[in-house]
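Student: Please take one part of this structure and go through it closely. I would like the strand surroundings treated in detail, with a few other positions for contrast.

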Amino acid sequence: MSPLRPFFIIFGLLFCANLSWAQRDKPDFRAFADAKQVLEGSFFEVTFALSNAEGTNFKAPSFGTAFTLISGPSRSASTTIVNGRMSSEMAFSYALQAKKIGTYSFGPATVEVNGKILRSNSVTVEVVKNENVSRTGKAQKGEELFVKAILNAREAYLGQQVRLDYKVYTRVDLENFNFVEESDYVGFYVEEIQHPDSRMEEEIVAGVRYNTRILRSIALYPQKVGQLNIDAATLQVAVVAGGSPDPLTGLTFGAEIRRVPLRTEAVALLVKPLPPNPPASFSGGVGIFNMNSAINRTEVTTDDALTLRLTLTGDGDMKRVRAPNLNLGDNFEVYDPRTLDEEASETGGLRVSRKTVEYLIMPKKAGQYTIQPEFSFFNSESKQYETLKDYSYELRIRKGSGKGVSASRDGLEGLGDLHPLKSIAHLSKGKSPLFNNPLFWFIALAPFLAWSGTWAYQYLRAFGKERRDQMRLQKSARKVALDHLNHAEQHLQAKQSRDFYDAVSKAILGYLGDKLNIPKADWSKENISAGMAQLNVQPELVERLQKLLQNCEMALFAGQANATAMQETYTNALEILTAVEDNN
């Protein structure tokens, strides 16, 4: 073989590579929609694609008031080489919902390439009237999917809690969902129920069997009397369409995901006023309530202060509930009560609130007294006013010296320093040589200094251990996440959908929980997303994380076994973990 032959081979390869690069197409920036005509209320996608160039400073056009932006921009990139010709493309996609009938054009988008501004073409979309009115919350013959807004009561009293459930009825597989538009809930105080009963159940509607699930629950507290209207809500759900099921595994292959708009019907609530002549101790509570009380002591002098605490618990609007009046007469001075804490929990599908108030009581006259706290509320079940009475406290008040007031609470929170007003000021002049002696101050402060040093040492030691534990968790977070993803990949290959989505969810939550120092008991997609935002993670990545966790939750719930969706979920999870790791 000629000694020059390897040289010619290498030269030929380099020449072909240069030729391929030379055959790369010129930059092209274009816009297109996935439909020329769309139905009113339906969804479509607009894409702005830049070919054969790297672009910066992308700016989308205004979509106007005729469309609602659902999501975007979703960014994607690809590179291909065909017959020695290389082409690349980066695209920005937006999901929109058509709201008004008519023909509309989107102005051009712009992007900067090598210092030059490229403009895309305009896109024209015609929105036509939607004759299909079957997706308004009513079951029609043959209907496969609809959603309802359901109130647990049609009538309620002012301040009474009413639960609103958004419930989906389906005979097809759902991938995920999101709310596009919902009511402003005018006339209501609104709190979302964080843990609704989202179990899948079967129901028969118009002779057709449906799988149902509550998508969202809201606690409504009416603030005015009369008929209050709740406007229709619009949702977007992703439906698994097409594909061929495997008779052995039950998995569906070749399926596609299509977006389907759903709309509830508007609902109304009749709010009734409370009956007249409430008891004197009524303070605004409507619903079912309980009361507990505690007092710090029962034997005091007229120099002392008493503290009485009342804890109110109920399912009504606690913000409307005022602290009850104690009505102790002229022998006591009762200061305005203060609220110590207010919190809420969920029981039996309802939101239950708890409020603790504290009274400062100053006895003015010696003697034997009996006090019994009362709290009256309107029982929304019995439709009557009811009065709760707690323990009777027998107080023994002795005459004090009149020189001062003791404000001890015997284990309850301190009241602060309370002193009577002085009518006569006593002035004196003198000196104490003992206070000028350094030895006195050294002996006096030595125990305090020793205690402070010991406390500081223990605190720093504990803080250092906690910090080391946190760093160890952060370092091991990636390894634990990769272990979960390895398990997820095994379940993916074995087509075990539930185990797969469970492993992906644990990988994401575990990794980010350790990375963000979030306790395991507080792992949730809301807390994780909030932590990522504090780390200055890109909003697009946070949005992808939320959608991924929502997809996993929906798949675990609905038993989704779509092989294509499982592979996309795995790839998306790996990309998110890699991006977060690179960001930190």
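Tutor: A residue counts as buried when its relative accessible area is under 20%, as exposed when it is over 50%, and as partly exposed in between. The model is a predicted one.

The part to examine is strand E13, which spans residues 162–170. This strand is mostly covered, since 9 of its 9 residues are buried. The cover applies to both faces of E13. On one side sit Val162, Leu164, Tyr166, Val168 and Thr170, and on the other Arg163, Asp165, Lys167 and Tyr169, all of them buried.

The neighbouring strands come next. Strand E11, residues 145–151, runs antiparallel to E13 and is joined to it by 7 bridges. Strand E17, residues 208–222, is also antiparallel to E13, with 9 bridges between the two. Leu164 gives a reference point for both pairings. Leu151 stands opposite Leu164, and in E17 the bridge partner of Leu164 is Ile218.

Thr170 also belongs to E13. Its relative accessible area is 5%, and because this is under the 20% cut-off, Thr170 is classed as buried. Leaving aside residues up to four places away in sequence, Thr170 touches Glu144, Leu145, Tyr210 and Asn211. Of these contacts, Leu145 is a residue of E11, while Tyr210 and Asn211 fall within E17. The Thr170 side chain also reaches the backbone oxygen of Val172, at 2.8 Å.

Two positions outside the strand serve for contrast. Asn562 lies in a loop, between helix H5 (539–558) and helix H6 (563–583). Its relative accessibility is 1%, so Asn562 is buried by the same cut-off. Asn562 and Val240 are separated by 322 residues in sequence, yet their C-alpha atoms are 8.2 Å apart in space.

Leu445 is the other position, and it is found in helix H2, residues 438–493. With a relative accessible area of 40%, Leu445 is partly exposed, because this value lies between the two cut-offs. Leu445 takes part in a nonpolar surface patch, together with Trp441, Phe448, Leu449, Trp451, Trp455, Tyr459 and Leu460. The accessible area of the patch is about 950 Å².

In short, Thr170 in its strand is buried, Asn562 in its loop is buried, and Leu445 in its helix is partly exposed.

Notes
Residues numbered from 1 in each chain as written. Predicted model: local features only at pLDDT ≥ 70, side-chain atom pairs only at ≥ 80, totals over all residues. Heavy atoms only, no water. Patch = residues over 30% accessible without salt bridge, like charges linked within 9 Å, V, L, I, M, F, W, Y side chains within 5 Å. Areas by Shrake-Rupley, 256 points an atom, 1.4 Å probe, with all protein chains shown as cover. Salt bridge = Lys/Arg side-chain N within 4 Å of Asp/Glu carboxyl O. Helix = DSSP H or I, 4+ residues; strand = E, 2+ residues; numbered from the N terminus. Buried < 20%, exposed > 50% of the residue type's maximum accessible area, 1.4 Å probe, protein only. Polar contact = N/O pair within 3.5 Å; in protein donor to acceptor, adjacent residues only side chain to side chain. Contact = heavy atoms within 4.5 Å. Pairing = 2+ DSSP bridges.
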